[in-house]
Amino acid sequence: MNLYATLILAFAMSMDAFAAAVGKGAALHRPTLKEAIRTGLIFGTIEALTPLIGWAIGLAASQFIMSWDHWVAFTLLFVLGARMIVEGLRRAPEEEHQQPQRHGFLLLATTAVATSLDAMAVGVGLAFLQVNIVLTALTIGAATTIMAASGILLGRFIGPVMGKWAEVVGGVVLIGIGGSILVGHLGLLS
């Protein structure tokens, strides 16, 4: 794989993290650059590790991983998205000014794992190719760091415009990402 193909793969792998980060940023009260970088690094690190894990597993368990990864991703994203929707709908208008300044590490890491399971499956596929897996994984991680940090910052501008609905929309986006992963892997639209 050449550098151009690696970059395309890296940014393609980071698009769902970007969408999730926009929702996360919109749910925060004016997220700072520091919070955007923190979120980007969490997402990027996990996104860089998952293709390495997938590559390491390689041939031995590729059929098992590929047959279940979409269900795990869908379930995690559905639960996280439903939680965001419920919290957004419960929030009273006066509570909108009490939005959190940052998300907890566990919530961000869970979201990052859910959006990076496809990168693990890609890692399994890369085990069959002659690629520098470390360079590829680092490129995917860097692209995801940039995209997730950008998503948080974009969410900063979307959140105040949408108010409490930003969290609801963010939850719908997470469920949509999970649904598209599930539909894509099950081949329902082919």
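**Exercise 1. Determine which helix gives the most to the nonpolar surface patch.**

Solution. Helix H2 (residues 33-90) gives the most, with three residues, where helices are DSSP runs of H or I with at least four residues, numbered from the N terminus. The patch, of about 500 Å², is made by Trp68, Trp71, Val72, Leu186 and Leu188; such patches join nonpolar side chains (Val, Leu, Ile, Met, Phe, Trp, Tyr) within 5 Å, from residues with over 30% relative accessible area and no salt bridge. Areas come from the Shrake-Rupley method with a 1.4 Å probe, only the protein chains shown counting as cover for residues. Leu186, in helix H5 (residues 165-186), is partly exposed at 38%, a class lying between buried (under 20%) and exposed (over 50%).

The model is predicted, so local features need pLDDT of at least 70 and side-chain atom pairs count only at pLDDT 80 or more, while totals for chains, interfaces and linings use all residues. Residues are numbered from 1 along each chain as its sequence is written, and side-chain values use heavy atoms, with hydrogens and water left out.

**Exercise 2. Locate the salt bridge formed by Glu35.**

Solution. A salt bridge requires a side-chain nitrogen of Lys or Arg within 4 Å of a carboxyl oxygen of Asp or Glu, and by this rule the count comes to one. Glu35 pairs with Arg38, their closest N and O atoms being 2.9 Å apart. Both residues lie in helix H2, three residues apart, about one turn of the helix. Glu35 is buried, with a relative accessible area of 5%.

Notes
Patches are made of residues with over 30% relative accessible area and no salt bridge: like charges are joined within 9 Å, nonpolar side chains (Val, Leu, Ile, Met, Phe, Trp, Tyr) within 5 Å. Helices (H or I, at least four residues) and strands (E, at least two) are DSSP runs, numbered from the N terminus. Buried means under 20% relative accessible area, exposed over 50%, partly exposed in between (1.4 Å probe, protein chains only).
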